[in-house]
Each structure stands twice: as C-alpha cells, then as structure tokens.
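Trainee: Before we look at the model together, could you walk me through the terms, and show me how each label follows from its definition?

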Amino acid sequence: MESLAQLDALCERLYNSQDSAERAHAESMLKCFSLNTDYISQCQYILDNSPSPYALMMASSSLLKQVTEHTLSLQLRLDIRNYVITYLANRGRDLQTFVAGSLIQLFCRITKFSWFDDDRFRDVVKELMSFLNQGTPDHYSIGLKLLNQLVSEMNQPTSGLPLTQHRRAACSFRDQSLYHIFQISLTSLRHLKDDVSSMLKELALSLSLKCLSFDFIGTSLDESSDEFGTVQIPSAWRALLEDPSTLQIFFDYYGITEPPLSKEALGCLVRLASVRRSLFTDDAARSRFLAHLMSGTKEILQKGQGLSDHDNYHECCRLLGRFKVNYQLSELVNIEIYSEWIRLVAEFTEKSLQSWQWASGGVYYLLGLWSRLVTSVPYLKGDTPSLLDESVPTIIEGFISSRFDSVQAGFPDELSENPLDNVEVLQDHLESFPYLCRFQYQRSSLYIIKVMEPLCRHTQYKWARLQSPGDSNELCIVEGQLAWIVHIIAAILKMRQVTGCSGNAESQEFIDAELAARVLQLINVTDSGLHCQRYSEKSKQRLDCAIITFFQHFRKSYVGDQAMLSSKQLYSRLSELLGLHDHLVLLNVIVGKIATNLKCYTENEEVIEHTLNLFFELASGYMTGKLLLKLDTVKFIIGITLEHFPFLEEYRCSRSRTTFYYTLGWLIFMEDSPVKFKAAMDPLFQVLVSLESTPDSAFRTDAVKYALIGLMRDLRGIAMATNSRRTYGLLFDWLYPSHISLLLKGIAHFTDAPEVTTPLLKFMAEFVFNKAQRLTFDSSSPNGILLFREVSKLIVAYGTRILSLPISSDIYASRYKGMWISLTILSKALAGNYVNFGVFELYGDRALADALDIALKMALSIPLPDILAFRKLMRAYFAFMEVLFNNHLVFVLNLDQTTFMHIVGSLESGLKSLDAGVSSQCASAVDNLATYYFNHITAADSPPSSAAMNLARHIAECPNLFPEILRTLFEIVLFEDCGNQWSLSRPMLSLILISEQIFSDLKVQILASQPPDQQQRLSVTFDKLMSDVSRSLESKNRDKFTQNLTIFRHEFRTK
C-alpha cells in the first residue's frame, strides 16, 4: 500500500502542481501506464484500490490511450469493457465527475473500436438500458451519460481509427442502434417532464440533440452553413417523426425550462425543421408537420418567452431561417395561420434590426429567410397572397437605419469589430439584403436615394467648412453612413444578373443608373476641397474601400467584356444625369479614382491593395485593357516615377509594388512595341544603374537595401506579366547580360537579411519559370544555358553563405524561407525544358553539379520533422525531389548510402502527407526509382551501368526499403480516403514487379491483420489484383493494373 500511496501523490502532482518541472517529472514517471500493455492489470488494480480521484483519472486515461493506440486481443478488450461497465454500475455514483467521464469515454471508445469483432459490442444499448431501469437518479444519470458519449464517439472520427473504418462503424451503429437511442431520449423526456432535476432533463435533451445531429450520410458539413441543408434521417424513423408528440415534446420543453436547457430544445427543433422532404409519407403528412412547426414558432414569437436570452434568440433565428430552406413558399402560404405567422416574423425581424448590437448574429438567418421568400414569389401559383409586399419595405428601411445607428453609436467594446473593416462579416451582412431590394426595386431605390442625397449635401457642406473638431467627428459619422450605402448599392449591382427579381431588365437597368449616378457624384465630392486632410481618417478609408468595391461590381455588370453591348439603358440615363455616355468615359472616371487613391494613400495597405486589385481586373480584361490604353491617365501611370505615387517608397506597402507593376506589365505588353517597353522601364533602369554604380563599401546602407527590395518586387511584377515568348524576350534582353550581376551582388551583401533575399529569390523563381512556354529561345541561341548558369551562380552564392550563418531564433524567416525559394528556383529551372543539361558534363561545366550539390546540402540541413511541419517548405522540398528523381536520377544514385537512405525515407514520409499534391510527387519519385531498378537490374539484358550498380548496392544494404514503401502504399490505398489513387498506383506496380516475393509477403501480412472470417474472401481479391497484368511497365500494362487496383480497393473495403 505504501507504493500505492506514492503513486497517488505522484498523480496529484501531475494534475494539480503549479510547477511545470514537477508536472513533467510526474508525467515521465507515469508514462509507462499508457505506453506498455503489461500495465493494463496495474491500472485495474489502481481503480479497485486507490482512494485518490487523480490516481483513478490517471488509470482511466491510460487505459483509454492503450485502447486507442494499441491493438489489444479481443478477449482483453471484452474484459476491459465488462470491467468498466460493472465498475460504473457499482461505484459510479461515488466517483468524481471527471473520473466518471473518463471511464464512460473508455467504455464507448472500446465499443467503437471493437464494433465488428463481437456481437456483445453491438448489443450495447440493451446493456445500457439496465442503468435506466434501476430506478435511481444516479444510475439513470450514468445511463444517459453513457448513451450521450456513445452517440458522440460513433459520430466523431477518432485519431486511432482510419476514416473508412470510422464510417463503417458509424453507418452500422446508425442502422442498428441510433433509432432505439432516440426513442429512449424521447421516452426519458416524457418521463422527466415533471421531474425537478434539471441535470437529467439536460442529459435527455442533449441525447436527443446528438441523435438528430448525427452525420447520417457521412458528409461532415458545417451545420451553421447553408450546405447544412437537410437532415438525412433514415426512412425507418418516419412514423416517429410524423407522430405530433415528437415535435411537441421539444416545444413543451422550451416552454418549461430555463436557459441553457431551452436552447437545447430549440436546437432539436432546428434539426427537425431541416428533415428531408422525402421522409414523409405524402404531402399531407409534410403539411401537418409544417403547420405544427409554424404553430409552435408562432406561440414563441407571440409570448416572446426566453428570447431575452441571447443563445435562445440566436437559435430561434436559425429555426425561422430553416423554414424556407426546406419548404416551398407555396407550402407556407397554404398553412391556415400563415398570415399571422408572417406578420409576427416581420415584427420579430424589425425588432432584431433595431437591437443591432445585441442581435447581429441572428439577423443573418432572418435576412436569409426573407431573401428566399421574395425570390420565390414569381413562382407562386394560385391566388393566395404571400403578404410580403407590406413587410419587405419596412425590413429594408430597418436594415439601413440599423447600419446608420451602428455608425452613430460606434463600437466601444474592443472585442467588437466594425463590419466595414472585415470583408467576411460585411459579406454576411449583405449576402441576402440585395434580394429584398430587388423585390420592389423602384420603391427600394427611392428610399436609398432619399437617405443618401442629404448625406452627400451634408458632406459637401462640411468639407467646404471643416473647422472645429466637432465638425470632423460629425463628418466621420457621415462618411461611415455613406460607406454603408455605397456597399449596399454595390451589392445590389452585383445581383443584376440574378433571375427571379421583379420588373424587366430595362427598368432595372434604369434604376441601376440612378443609384450608380449618386455614387459617382459622391466621388466628385469626396475627392475635392479639403480632401488632403481626410485620407488619414479611418472613416474616409472605409468610404474609399466601399467606392472601390462599388466599381468592382459595377464593372462586372456594365463595363466587363461580356457587358459591352448590353447596357444601353444605363448609359443613356447616366448621360442625362452626369454626361457619361459610354464605357470609355466611365472607365476614365474609374481610373481617375484609382490614380487619386494611389497618389493620396501613402501608408494604408488595405486601401492600396483594394485599389490595385481593381486596377488589375480592368487591365487583365481583353476589351477593358484595350480601352485603358486609350486613356491619358493610364499613359501617365505607365510613365510614373516614385514621387508621383508615394506608396511605392513606403516600405510597409512594398508588397503592393509587385501587384502595381504586374498590372503595368499587362498594359505595357498589350502593345507590341519595344520602344514603349524601354520607355516604361526607364524608371527601373535608373534605379538599376544607381545600384550597380554603388561601391561595395556603401552597399549595406538602408537606402540601398530598400531600393534593392523595391526593384526586385517591381521586376517580379513585370516578369509575372510576361506570358509569351515575345514579351519574355523583351524583359530577358533588357536584363541579360548587362544587369543580371546585380542579383549576385545583392545576395553577397545581404544574405543575412531575409527582407532582401526573399523578394530577390522570388523574382528569380518567377524569371526562370517557363509558364505558357514563354522561355523558348531560337535553336541557335545559348540563352537557356546562360540563364541556368546564372541560376547556378545565385543558388551556390546564397546556399554557401546561408549554411555558414549561425541559426537564429526565428529559423523559418531567417533560413528555411530562403531555402525553399531556392529549391523552387532550381526545380523550375530543371523542369523548364529549355536547357540541354547534358552540355554541362560534356564540356566540363560545373554549373549543374554545383547547383545540385548546394541544393542538396540545404535540403539535408533541414530536419525532416521541420520539412513536414512548414507547408510551403514541404511543397518545395518534395517538388525538388520529384524533379531530381525524374530528370537527374543518376545524381541521386551516386550519393553515399546514408544520404540516399535519408532522401528515400523522406519520400516515404511524404507519401503519407494529407496534401494530395505532395503525396503524388513522392509517388512519382518512387516510381522513377523503382522503374529504373526494374529496367536496369531486374529485367536488364546488358551489363549494369555504374549508376545501376550503385542502386543495387544501396538496396542490398537496406533490403527492407522497397517492401516498406510498398506496404505504406497499400495501407494508404486500402485504409485511407486518398484522392490520388491513380498517382499511387504507378509506383505500386513498379515495386511489385521488382520482386514477386515482396508482394507475396505483404499479402500475407495484410491478410493476417484482418478478421479470420474475411481472410479467404480477401485472399481471392488479392489474386484478382494481378489478373491480366504482365511483367512490363508499358503504359497499357500500367493502366490495366490501375483498373484492377480500383476494383480491388472497392472489394477489399466492402465487408
């Protein structure tokens, strides 16, 4: 007992100690209980004899880890299961809540993992009924907790169980047990209705909610999104759901319970309202169900009971939102109480809009309901009125008023974010609202104009007489309100092409022009007068972001390539109002606003980025790009220098330089003019010359550093815009050979400054990338070879220096980032197909060998766990390995044994990656290696080359290499949901053909891991895998194996 007392003390320190070192020591001492299966009996002893709840918790959690991470014998699992259920029956009432919870989880976990191994595991519900039938509240509580945890365990994927096995168990549980459990929950709710214990009610409600929230068809979709759609309840549940008492019990519980229990009841109603339409026997049964839902929600809205609680309110909004998701408007209006119900919903929506601070989350669902209702009106047949005409205008006015009120009140709470500052939140606010506006567009537009025009006049007046701080504060409020109006107009214009809007296209186009004209007039106001004093104000920035958003949506509807001939009514009206009679004149207004923003915003990254995105959208459109070149403003922008647009010299905005010059590149290359190209590049040429003439002694200054960073970002933007041989040739001839040496100079002086090396290396990665076959030189041109030599010099210079530098605290930023970009450069150059790499060895040029050597040194300097931990690093590393094994396999085979094994081992790790692209790259690399072995060693007719002999030696020293990789591939294909089965099948055939013995041994191992009653069937399935597959790696034979593998995988997983 002395040792047990010591263990109790150790467990208490593990869970309670404030000293991290003491906790770590206790954890290391107790680790053996969860790692070694020999300690399972010790855990049982602790549970039987220890008085300490912390020791009991340690024993229970250790058993849980054993069950999850180790393959235990069937008898041992049955023994643990029976022991735990008996333990809970006898001692459960006396246990601490956390100990009981852990034991309940252990019981449910072992039940799930052993679901198909013995009938006793599948009879779990009958066994748990004994807890409910004993009559004591404690046993009833434990029984409900066990059922709650069982449903959760079966519904949620578990890390120790492959996803396919989880779905098999979940589907079997759904078909055999879930319906019975839901019946138990309903019976419990009726039984406990008058019970004073809220805990038992909570457990019963929670059980109902878990049953209704079960992932019935394996979609695992987010229930809060529209994709939640319908709850796919099985047909066997039909009678239970058509029984009115099922729905009524949850309305009753909402009425008799307090939060948070009432929220659980509403949660159940939300899911019942989402039940698939086809579940019901006929239309009459579905109509009765809908009428019951409508009656219950009507009573809630009338009484307002519980709606002062925020969670209840939010859930009620979700419940109302489900009505139109799952039911047609024609079904709703035919319900007898529809008119009263829709009136109450309208009043509830209006109150919610007035309480915007408290109810903002629920408004999303309410607006979604109204938008779906109004878009269904054109399809409503019969004479029954929808009664939407009276409600929708009030809701529109309430929404706009609530946005204005939010600006007036501000957001004093630091945790509250202004929706105008968050694109996603803003999109949620405005996703449904435009449908309401289009429903009665004439009336809605008149209201919007009515509230907007006084704001514009007020703004113009204040801008002209901006004097006191009070004026400035008042102006901030007006700008915020205008920002909302402009966003709303932008969202309405975005909906132009949506079907189901009332009114014909011409009349809607006319109204679009009226609204657009107000925004265009606003621009004249906001960019005149004392505007220079306002660009630093947040409210002004929000307004300008709204205006740019308006232009983006307006362009797509009325200026885009598809809208050039379909907007006569709009331009006719704009000509009357503002004199804007065609696309070109309007484009000039848009570009003028772009130029103003780029001139006046020197530090605000958000506005600059938003503005540049609009500029790029215009430039990259074929027709709009051609039109832009006719504008004097665009010609001015192309020829700008840094002093014209101050943001180009602001380091915080330096990333925007790439986007800016990418856009300019699109415009420059639209005209096939080397003269105009050189003229446009002159500002960059001046910077180049200045940097080249800077002596080494002065090169480490901040001025030089920032100039070099800006230049690299600018050149990368230009390089990104070169999409043809002609345009790339202009840039190549401009840069090489006169100025390319600057890159080496920059690397030599700033290797330890990642803020310089990153844009420099990224420019080179873009420059050597042969997208759209732009790097196609004449057959007599040495440019491809010369370019690779520059790549080699750059990578060798960077790699040599970075490897010699000490490792800093931020290892990714200072080291790994530059390394993965270097690997990307080399991968793109090696796979670009514009260099004959045989030339280098033929003429004794070390460029290729040196580049591969330093790249490999950089790759090997990064621990494999770090490679797998950083996503971009991982992708670059395995892309490089794929190119290496595909095009330069001899280089890999000539490596020493340790390096070779490390690289191939990393490929095996990459095969297991959840990133399908990485997994496919590793499969391709393995396939190239195995194909080489098969062609040059297994099936070779001639004497092996030195490279083949090296490979044979590597494999001889590690004979388990190929079998382990093949085993990994089979496990992925058979037991995981892989989306790249075709890619994985390629190396599998190569590895099987290398040695049939490897395949035979693996077959025996896999069959041994399967249930005995399945082994005979699976053995036959294995035999079919190689049916009609010959001993060759020709494409036709590979395709046949891939077909067989698809059939094999399906048959293997069908049990």
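Mentor: Let us begin with handedness: a crossing is left-handed if the near helix is turned anticlockwise from the far one by less than a right angle, and right-handed if clockwise. Helices here are DSSP runs (H or I, at least four residues), strands are E runs of at least two, and both are numbered from the N terminus. This is a predicted model, in which local features need pLDDT of at least 70 and side-chain atom pairs count only at pLDDT 80 or more, while totals for chains, interfaces and linings use all residues. Residues are numbered from 1 along each chain as its sequence is written, and side-chain values use heavy atoms, with hydrogens and water left out.

Trainee: What makes α26 oblique to α28?

Mentor: Axes are lines fitted to C-alpha atoms, for helices over the stretch in contact, and angles run from 0 to 180 degrees between N-to-C directions. Angles under 35 degrees count as roughly parallel, over 145 as roughly antiparallel, 65 to 115 as roughly perpendicular and the rest as oblique. The axes of α26 (residues 505-526) and α28 (residues 568-578) come within 8 Å and cross at roughly 40 degrees. That angle therefore makes α26 oblique to α28, and their crossing is right-handed.

Trainee: Why are α38 and α39 called roughly antiparallel?

Mentor: Helix α38 (residues 741-750) and helix α39 (residues 754-767) pack at about 150 degrees, with axes 10 Å apart, and α38 and α39 are therefore roughly antiparallel to each other. The crossing of α38 and α39 is left-handed.

Trainee: What makes the peptide bond between Tyr736 and Pro737 noteworthy?

Mentor: Most residues other than glycine have a negative phi, and most peptide bonds are trans. The bond joining Tyr736 and Pro737 is cis, with omega about 5 degrees, and Pro737 is found in the loop between α37 (725-735) and α38. A cis bond also joins Pro259 and Pro260, with omega about 5 degrees, and Pro260 lies in the loop between α14 (244-256) and α15 (261-272).

Trainee: What is the phi of Ala772, and where does this residue lie?

Mentor: Phi of Ala772 is near 55 degrees, a positive value in a residue other than glycine, and Ala772 is placed in the loop between α39 and α40 (783-804).

Trainee: Which helix supplies the largest share of the lining of the largest cavity?

Mentor: The largest share, four residues, comes from α27, and α27 (538-559) and α30 (605-620) each supply at least two residues of that lining.
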